[in-house]
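I opened my notebook for another session with a structure on the screen. Here is what I looked up, in the order in which I got curious.

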Amino acid sequence: MFTPLDTQMMQNALALARLGRFSTSPNPRVGCVIARGGQVVGQGFHVRAGEPHAEVHALRQAGNAAKGATAYVTLEPCSHYGRTPPCAQALIQAGVARVIAAMVDPNPQVAGKGLAMLEAAGIQTASGLLEAEARELNRGFLSRIERGRPFVKLKCAASLDGKTALSDGRSQWITGEAAREDVQVLRAESCAVLTGVGTVLADNPRLDVRSFPTLRQPARIILDSRLQTPLSSRLVSDGIAPTVIATLESDEGRLKNYRDRDHVRIIRPSENGRGRIDLADLLNRLAAEGIGELMAEAGATLASAFIEADLVDEIVLYQAPKILGNPGRGLFTLPEKPAALAGESRWRTHAVEMLGQDVKWTLRCG
(Lines give C-alpha, C1' and ligand atoms only; values in the text may rest on other atoms or scores of the structure.)
Protein backbone atom coordinates (compact mmCIF):
# COMPACT_ATOMS: atom_id res chain seq x y z
CA MET A 1 0.00 0.00 0.00
CA PHE A 2 2.77 2.43 0.93
CA THR A 3 5.85 3.18 -1.17
CA PRO A 4 9.41 3.89 0.04
CA LEU A 5 8.74 7.55 -0.81
CA ASP A 6 5.64 7.51 1.40
CA THR A 7 7.71 6.14 4.28
CA GLN A 8 10.40 8.77 3.79
CA MET A 9 7.88 11.60 3.77
CA MET A 10 6.14 10.30 6.89
CA GLN A 11 9.50 10.03 8.65
CA ASN A 12 10.02 13.70 7.79
CA ALA A 13 6.58 14.52 9.19
CA LEU A 14 7.37 12.68 12.43
CA ALA A 15 10.64 14.58 12.76
CA LEU A 16 8.70 17.83 12.40
CA ALA A 17 6.16 16.72 15.02
CA ARG A 18 8.98 16.11 17.51
CA LEU A 19 9.88 19.80 17.30
CA GLY A 20 6.70 20.51 19.26
CA ARG A 21 7.37 18.07 22.07
CA PHE A 22 8.02 20.85 24.60
CA SER A 23 5.10 23.10 23.72
CA THR A 24 1.95 21.48 22.31
CA SER A 25 0.37 20.25 25.55
CA PRO A 26 -2.52 19.57 25.97
CA ASN A 27 -2.72 19.12 22.20
CA PRO A 28 -0.99 16.23 20.42
CA ARG A 29 2.36 16.61 18.64
CA VAL A 30 1.65 16.67 14.90
CA GLY A 31 3.78 17.19 11.81
CA CYS A 32 2.73 17.54 8.16
CA VAL A 33 4.62 17.29 4.88
CA ILE A 34 3.05 18.11 1.51
CA ALA A 35 4.81 16.55 -1.47
CA ARG A 36 4.27 16.67 -5.18
CA GLY A 37 6.26 14.72 -7.76
CA GLY A 38 8.55 13.42 -5.05
CA GLN A 39 9.44 16.94 -3.90
CA VAL A 40 8.44 18.62 -0.65
CA VAL A 41 6.42 21.76 -1.38
CA GLY A 42 5.25 22.53 2.14
CA GLN A 43 5.83 21.40 5.71
CA GLY A 44 4.97 22.41 9.24
CA PHE A 45 4.25 21.31 12.79
CA HIS A 46 1.84 22.25 15.54
CA VAL A 47 3.61 24.56 17.98
CA ARG A 48 1.09 25.09 20.76
CA ALA A 49 -2.60 25.01 21.62
CA GLY A 50 -4.66 27.77 20.09
CA GLU A 51 -2.24 28.31 17.21
CA PRO A 52 -2.53 26.86 13.65
CA HIS A 53 -2.23 23.11 13.27
CA ALA A 54 0.54 21.40 11.31
CA GLU A 55 -1.55 21.10 8.14
CA VAL A 56 -2.23 24.84 8.06
CA HIS A 57 1.47 25.70 8.32
CA ALA A 58 2.29 23.23 5.54
CA LEU A 59 -0.51 24.46 3.26
CA ARG A 60 0.54 28.09 3.71
CA GLN A 61 4.06 27.18 2.67
CA ALA A 62 2.88 25.08 -0.29
CA GLY A 63 0.46 27.66 -1.67
CA ASN A 64 -0.90 26.67 -5.09
CA ALA A 65 1.54 23.76 -5.26
CA ALA A 66 -0.70 21.88 -2.81
CA LYS A 67 -3.22 21.22 -5.58
CA GLY A 68 -2.92 17.58 -6.65
CA ALA A 69 -0.26 16.89 -4.00
CA THR A 70 -0.08 14.30 -1.22
CA ALA A 71 -0.28 15.39 2.41
CA TYR A 72 1.50 13.23 5.00
CA VAL A 73 0.19 13.87 8.51
CA THR A 74 1.26 12.11 11.71
CA LEU A 75 -2.30 12.22 13.10
CA GLU A 76 -5.65 12.19 11.31
CA PRO A 77 -6.65 15.74 10.33
CA CYS A 78 -9.30 17.20 12.63
CA SER A 79 -12.86 17.53 11.39
CA HIS A 80 -14.38 19.83 14.00
CA TYR A 81 -14.26 23.48 15.00
CA GLY A 82 -12.31 24.00 18.19
CA ARG A 83 -9.91 26.86 18.86
CA THR A 84 -9.00 26.55 15.15
CA PRO A 85 -11.03 25.54 12.04
CA PRO A 86 -11.03 21.91 10.77
CA CYS A 87 -7.81 20.89 9.05
CA ALA A 88 -9.65 18.37 6.89
CA GLN A 89 -11.63 21.23 5.37
CA ALA A 90 -8.43 23.21 4.74
CA LEU A 91 -6.93 20.25 2.87
CA ILE A 92 -10.08 19.93 0.75
CA GLN A 93 -10.06 23.63 -0.12
CA ALA A 94 -6.38 23.41 -1.09
CA GLY A 95 -7.17 20.66 -3.61
CA VAL A 96 -4.81 17.95 -2.36
CA ALA A 97 -5.29 14.62 -4.12
CA ARG A 98 -4.20 12.25 -1.35
CA VAL A 99 -3.84 12.27 2.43
CA ILE A 100 -1.87 9.68 4.39
CA ALA A 101 -2.18 9.70 8.17
CA ALA A 102 0.16 7.77 10.44
CA MET A 103 -2.79 6.98 12.71
CA VAL A 104 -6.47 7.64 13.26
CA ASP A 105 -7.17 10.17 15.99
CA PRO A 106 -8.85 8.38 18.96
CA ASN A 107 -10.40 11.64 20.16
CA PRO A 108 -14.18 11.06 19.91
CA GLN A 109 -14.52 14.48 18.26
CA VAL A 110 -12.46 13.15 15.33
CA ALA A 111 -12.09 9.31 15.39
CA GLY A 112 -12.26 8.67 11.65
CA LYS A 113 -14.46 11.66 10.83
CA GLY A 114 -11.57 13.62 9.39
CA LEU A 115 -10.64 10.89 6.93
CA ALA A 116 -14.32 10.36 6.09
CA MET A 117 -14.71 14.07 5.31
CA LEU A 118 -11.72 13.89 2.96
CA GLU A 119 -13.02 10.76 1.24
CA ALA A 120 -16.43 12.35 0.74
CA ALA A 121 -14.67 15.17 -1.11
CA GLY A 122 -13.01 12.66 -3.44
CA ILE A 123 -9.58 12.67 -1.80
CA GLN A 124 -7.73 9.35 -1.52
CA THR A 125 -6.90 8.50 2.10
CA ALA A 126 -4.91 5.89 3.97
CA SER A 127 -3.69 5.44 7.53
CA GLY A 128 -1.33 3.24 9.51
CA LEU A 129 2.03 4.29 8.03
CA LEU A 130 4.62 4.30 10.86
CA GLU A 131 1.76 4.13 13.36
CA ALA A 132 3.91 2.73 16.18
CA GLU A 133 6.28 5.70 15.92
CA ALA A 134 3.36 8.12 15.86
CA ARG A 135 1.81 6.52 18.94
CA GLU A 136 5.10 6.68 20.83
CA LEU A 137 5.40 10.37 20.05
CA ASN A 138 1.93 11.03 21.50
CA ARG A 139 1.83 8.48 24.29
CA GLY A 140 0.60 11.05 26.80
CA PHE A 141 -2.20 12.35 24.60
CA LEU A 142 -3.26 8.79 23.73
CA SER A 143 -3.19 7.68 27.37
CA ARG A 144 -5.41 10.59 28.34
CA ILE A 145 -7.93 9.85 25.58
CA GLU A 146 -7.88 6.03 25.59
CA ARG A 147 -7.31 5.23 29.28
CA GLY A 148 -8.62 8.33 30.99
CA ARG A 149 -5.37 8.87 32.86
CA PRO A 150 -1.94 10.31 32.09
CA PHE A 151 1.08 8.32 30.97
CA VAL A 152 3.08 8.24 34.23
CA LYS A 153 6.85 8.47 34.07
CA LEU A 154 8.69 7.90 37.37
CA LYS A 155 12.11 9.54 37.50
CA CYS A 156 14.65 8.20 39.99
CA ALA A 157 18.33 8.80 40.70
CA ALA A 158 20.40 6.32 42.69
CA SER A 159 23.90 5.22 43.54
CA LEU A 160 25.43 1.94 42.44
CA ASP A 161 24.08 0.33 45.61
CA GLY A 162 20.55 1.64 45.01
CA LYS A 163 20.57 4.57 47.44
CA THR A 164 18.89 7.89 46.71
CA ALA A 165 20.41 9.88 49.58
CA LEU A 166 22.61 9.65 52.64
CA SER A 167 20.99 8.64 55.91
CA ASP A 168 20.52 12.33 56.83
CA GLY A 169 18.63 12.99 53.58
CA ARG A 170 21.39 14.74 51.64
CA SER A 171 21.18 13.87 47.93
CA GLN A 172 22.90 16.70 46.02
CA TRP A 173 24.36 15.52 43.82
CA ILE A 174 24.29 11.77 43.27
CA THR A 175 24.35 12.09 39.50
CA GLY A 176 26.50 14.27 37.28
CA GLU A 177 25.70 17.35 35.26
CA ALA A 178 24.79 15.46 32.05
CA ALA A 179 22.13 13.43 33.88
CA ARG A 180 20.72 16.54 35.56
CA GLU A 181 20.50 18.29 32.20
CA ASP A 182 18.63 15.29 30.80
CA VAL A 183 16.06 15.60 33.60
CA GLN A 184 15.39 19.13 32.38
CA VAL A 185 14.45 17.66 28.99
CA LEU A 186 12.11 15.12 30.63
CA ARG A 187 10.39 17.92 32.52
CA ALA A 188 10.00 20.02 29.39
CA GLU A 189 8.38 17.09 27.58
CA SER A 190 5.87 16.56 30.39
CA CYS A 191 2.53 18.27 30.84
CA ALA A 192 3.12 18.31 34.58
CA VAL A 193 5.69 17.32 37.20
CA LEU A 194 4.40 15.73 40.41
CA THR A 195 6.00 15.46 43.82
CA GLY A 196 4.98 14.85 47.43
CA VAL A 197 4.88 17.29 50.31
CA GLY A 198 7.80 15.46 51.93
CA THR A 199 10.04 16.47 49.04
CA VAL A 200 8.72 20.04 49.24
CA LEU A 201 9.53 20.24 52.95
CA ALA A 202 12.96 18.64 52.57
CA ASP A 203 14.25 20.21 49.35
CA ASN A 204 12.00 23.18 48.48
CA PRO A 205 12.26 22.29 44.75
CA ARG A 206 11.28 24.42 41.75
CA LEU A 207 10.45 21.57 39.35
CA ASP A 208 10.76 23.93 36.39
CA VAL A 209 12.75 23.94 33.16
CA ARG A 210 15.62 26.40 33.49
CA SER A 211 18.58 25.09 31.49
CA PHE A 212 17.11 26.07 28.11
CA PRO A 213 14.30 28.34 26.88
CA THR A 214 10.87 26.79 26.42
CA LEU A 215 7.51 28.17 25.32
CA ARG A 216 5.70 26.40 28.15
CA GLN A 217 6.63 25.43 31.69
CA PRO A 218 5.07 22.20 32.98
CA ALA A 219 2.51 22.51 35.73
CA ARG A 220 3.73 21.51 39.22
CA ILE A 221 1.54 19.15 41.28
CA ILE A 222 2.00 18.60 45.01
CA LEU A 223 0.39 15.66 46.81
CA ASP A 224 -0.29 17.06 50.26
CA SER A 225 -3.09 15.27 52.12
CA ARG A 226 -2.91 17.44 55.25
CA LEU A 227 -1.96 20.72 53.52
CA GLN A 228 1.51 21.13 55.00
CA THR A 229 3.08 22.93 52.03
CA PRO A 230 4.62 26.21 53.29
CA LEU A 231 3.22 29.35 51.73
CA SER A 232 6.84 30.48 51.37
CA SER A 233 7.84 27.40 49.34
CA ARG A 234 9.02 28.05 45.80
CA LEU A 235 6.17 26.10 44.25
CA VAL A 236 3.63 28.35 45.95
CA SER A 237 5.46 31.68 45.82
CA ASP A 238 7.51 31.82 42.62
CA GLY A 239 4.73 32.12 40.01
CA ILE A 240 6.96 30.50 37.36
CA ALA A 241 4.30 27.98 36.39
CA PRO A 242 0.86 26.81 37.55
CA THR A 243 0.93 24.87 40.80
CA VAL A 244 -1.80 22.40 41.73
CA ILE A 245 -2.06 21.19 45.32
CA ALA A 246 -3.98 17.94 45.74
CA THR A 247 -5.20 17.71 49.31
CA LEU A 248 -7.85 16.17 51.57
CA GLU A 249 -8.02 19.32 53.68
CA SER A 250 -11.52 20.85 53.74
CA ASP A 251 -10.99 23.89 56.00
CA GLU A 252 -11.83 26.80 53.69
CA GLY A 253 -9.94 29.20 55.92
CA ARG A 254 -6.71 27.28 55.38
CA LEU A 255 -7.39 26.69 51.69
CA LYS A 256 -7.98 30.41 51.06
CA ASN A 257 -4.35 31.21 51.89
CA TYR A 258 -3.30 29.18 48.87
CA ARG A 259 -6.17 30.14 46.58
CA ASP A 260 -5.22 33.79 46.98
CA ARG A 261 -2.16 33.07 44.83
CA ASP A 262 -3.05 33.53 41.16
CA HIS A 263 -1.01 30.56 39.91
CA VAL A 264 -2.03 28.13 42.69
CA ARG A 265 -5.07 25.89 42.45
CA ILE A 266 -6.49 23.41 44.97
CA ILE A 267 -8.09 20.10 44.01
CA ARG A 268 -9.61 17.59 46.40
CA PRO A 269 -9.39 14.00 45.09
CA SER A 270 -11.02 11.08 46.84
CA GLU A 271 -9.54 9.55 49.98
CA ASN A 272 -8.27 5.98 49.64
CA GLY A 273 -9.69 4.70 52.95
CA ARG A 274 -6.33 5.00 54.70
CA GLY A 275 -6.22 8.74 55.11
CA ARG A 276 -4.30 9.34 51.89
CA ILE A 277 -5.13 10.61 48.42
CA ASP A 278 -6.56 8.03 46.05
CA LEU A 279 -3.93 8.06 43.31
CA ALA A 280 -6.15 6.52 40.63
CA ASP A 281 -8.83 9.16 41.20
CA LEU A 282 -6.18 11.88 41.14
CA LEU A 283 -4.89 10.68 37.76
CA ASN A 284 -8.43 10.56 36.35
CA ARG A 285 -8.96 14.17 37.42
CA LEU A 286 -5.66 15.30 35.93
CA ALA A 287 -6.47 13.62 32.61
CA ALA A 288 -9.85 15.37 32.53
CA GLU A 289 -7.94 18.66 32.88
CA GLY A 290 -5.70 17.91 29.89
CA ILE A 291 -2.67 16.37 31.61
CA GLY A 292 -1.42 13.63 29.29
CA GLU A 293 2.19 13.03 30.26
CA LEU A 294 2.96 13.17 33.97
CA MET A 295 6.46 12.97 35.42
CA ALA A 296 6.78 11.98 39.07
CA GLU A 297 9.84 13.21 40.97
CA ALA A 298 9.09 11.90 44.42
CA GLY A 299 10.60 10.26 47.45
CA ALA A 300 10.60 6.53 48.14
CA THR A 301 7.21 6.47 49.87
CA LEU A 302 5.21 8.17 47.12
CA ALA A 303 7.13 6.43 44.33
CA SER A 304 6.37 3.09 45.97
CA ALA A 305 2.70 4.00 46.33
CA PHE A 306 2.47 4.64 42.58
CA ILE A 307 4.18 1.33 41.81
CA GLU A 308 2.00 -0.64 44.25
CA ALA A 309 -1.11 0.91 42.69
CA ASP A 310 0.13 -0.22 39.25
CA LEU A 311 0.01 3.34 37.95
CA VAL A 312 3.57 3.67 36.61
CA ASP A 313 4.09 3.23 32.87
CA GLU A 314 7.78 4.02 32.68
CA ILE A 315 10.69 4.25 35.11
CA VAL A 316 13.67 6.42 34.20
CA LEU A 317 16.55 5.54 36.53
CA TYR A 318 19.74 7.56 36.52
CA GLN A 319 22.41 5.45 38.22
CA ALA A 320 25.73 6.90 39.32
CA PRO A 321 28.95 4.90 39.92
CA LYS A 322 28.98 5.83 43.61
CA ILE A 323 28.48 3.71 46.72
CA LEU A 324 26.70 5.41 49.61
CA GLY A 325 26.54 2.45 52.01
CA ASN A 326 23.85 0.64 53.99
CA PRO A 327 22.57 3.59 56.08
CA GLY A 328 21.64 5.45 52.90
CA ARG A 329 18.01 5.80 51.84
CA GLY A 330 16.72 3.27 49.31
CA LEU A 331 14.85 3.77 46.06
CA PHE A 332 11.57 2.23 47.21
CA THR A 333 9.80 1.09 50.38
CA LEU A 334 7.97 -1.88 48.96
CA PRO A 335 7.20 -5.07 50.92
CA GLU A 336 9.53 -8.00 50.36
CA LYS A 337 8.26 -10.57 47.85
CA PRO A 338 10.41 -13.72 47.90
CA ALA A 339 8.39 -15.23 45.04
CA ALA A 340 9.56 -12.38 42.81
CA LEU A 341 13.03 -13.94 42.62
CA ALA A 342 11.72 -16.93 40.73
CA GLY A 343 9.05 -15.07 38.78
CA GLU A 344 9.33 -13.01 35.64
CA SER A 345 9.75 -9.25 36.02
CA ARG A 346 6.90 -6.98 34.93
CA TRP A 347 9.52 -4.45 33.83
CA ARG A 348 11.35 -4.53 30.52
CA THR A 349 14.42 -2.57 29.49
CA HIS A 350 13.36 -0.03 26.86
CA ALA A 351 16.63 1.86 26.48
CA VAL A 352 20.06 2.26 28.09
CA GLU A 353 22.20 5.34 27.57
CA MET A 354 25.44 6.70 28.98
CA LEU A 355 25.33 10.28 30.26
CA GLY A 356 28.84 11.19 31.32
CA GLN A 357 29.73 8.60 33.96
CA ASP A 358 26.08 7.87 34.77
CA VAL A 359 23.73 5.33 33.20
CA LYS A 360 20.21 6.29 32.14
CA TRP A 361 18.09 3.16 32.30
CA THR A 362 14.55 3.41 30.89
CA LEU A 363 12.09 0.64 31.72
CA ARG A 364 8.56 0.05 30.55
CA CYS A 365 5.86 -1.93 32.29
CA GLY A 366 4.49 -5.05 30.62
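Entry 1. Leaving aside neighbours within four places in sequence, which residues is Glu-55 in contact with? A reminder to myself before I answer: this is a predicted model. I listed Cys-32, Val-73, Leu-75, Pro-77, Cys-87 and Leu-91 as the contacts of Glu-55. I picked Glu-55 as my starting point since an unreviewed UniProt entry places the feature "active site" there. Glu-55 sits in helix α2, residues 54-62. I also looked up its accessibility: the relative value is 3%, so Glu-55 counts as buried.

Entry 2. Next I went through the "binding site" feature. UniProt, again in an unreviewed entry, places it at His-53, Cys-78 and Cys-87. These positions are spread over 35 residues of sequence, yet they cluster in space, with a largest C-alpha distance of 9.2 Å. I found His-53 in the loop between β2 (39-45) and α2, while Cys-87 belongs to helix α3. Is Cys-87 buried or exposed? Its relative accessibility is 1%, so I noted Cys-87 as buried. Beyond its neighbours within four places in sequence, Cys-87 touches His-53, Glu-55, Val-56, Pro-77 and Cys-78. I was pleased to see the two records meet here: Cys-87, from the "binding site" feature, is in contact with Glu-55, from the "active site" feature.

Entry 3. Since Cys-87 had brought me to α3, I checked how that helix packs. Two packed helices are described by the angle between their axes and the distance between the axes. For α3 (residues 87-94) and α4 (residues 113-120), I noted an angle of about 20° and axes 9 Å apart. An angle under 35 degrees counts as roughly parallel, and that makes α3 roughly parallel to α4. The crossing of α3 past α4 is right-handed. Which residues make the contact? On the α3 side I wrote down Ala-88, Gln-89, Leu-91 and Ile-92, and on the α4 side Gly-114, Met-117 and Leu-118. By class, this contact has 5 nonpolar and 2 polar residues, with no charged ones. Leu-91 is a name I had already met, as a contact of Glu-55.

Entry 4. I moved on to Met-103, in the loop between β4 (98-101) and α4. Its relative accessible area is 2%, so Met-103 is buried. What surrounds Met-103, leaving aside its neighbours within four places in sequence? The contacts I found are Thr-74, Leu-75, Glu-76, Gly-128, Glu-131, Ala-134, Arg-135 and Leu-142. From Met-103 to Arg-135 there are 32 residues in sequence, but 7.8 Å in space, C-alpha to C-alpha. Leu-75 is in contact with Met-103 and also with Glu-55.

Entry 5. Leu-142, one of the contacts of Met-103, led me to helix α6. How many of the 8 residues of α6 (residues 139-146) are buried? I noted 6, so α6 is largely enclosed by the rest of the structure. The buried ones are Arg-139, Gly-140, Phe-141, Leu-142, Ser-143 and Arg-144. They pack against α5 (131-137), β6 (151-158), α11 (279-288), β12 (293-296), β13 (314-319) and β16 (358-365). After α6 comes Gly-148, with a positive phi near 75°.

Entry 6. That phi made me look for backbone oddities. Most residues other than glycine have a negative phi, and most peptide bonds are trans. Leu-130 has a positive phi near 55°; it lies in the loop between β5 (124-127) and α5. With 17% relative accessibility, Leu-130 counts as buried. Phi of Leu-227 is likewise positive, near 55°, and I located Leu-227 in the loop between β9 (219-223) and α9 (234-237). Leu-227 is buried too, at a relative accessible area of 1%. Then I found a cis peptide bond between Ser-25 and Pro-26, with omega about 5°. Pro-26 is in the loop between α1 (4-18) and β1 (31-36).

Entry 7. Last, I looked at Gly-37, in the loop between β1 and β2. Its relative accessible area is 79%, so Gly-37 is exposed. How far apart in space are Gly-37 and Leu-255? I wrote down 62 Å, C-alpha to C-alpha, for a separation of 218 residues in sequence.

Note on methods: Residues numbered from 1 in each chain as written. Predicted model: local features only at pLDDT ≥ 70, side-chain atom pairs only at ≥ 80, totals over all residues. Heavy atoms only, no water. Axes fitted to C-alpha atoms, helices over the stretch in contact; angles between N-to-C directions. Helix = DSSP H or I, 4+ residues; strand = E, 2+ residues; numbered from the N terminus. Parallel < 35°, antiparallel > 145°, perpendicular 65-115°, else oblique. Left-handed = near helix turned anticlockwise from the far one by under 90°. Contact = heavy atoms within 4.5 Å. Nonpolar A, V, L, I, M, F, W, Y, C, P; charged D, E, K, R; others polar. Buried < 20%, exposed > 50% of the residue type's maximum accessible area, 1.4 Å probe, protein only. UniProt positions renumbered as here; feature names shortened; annotations may be inferred.
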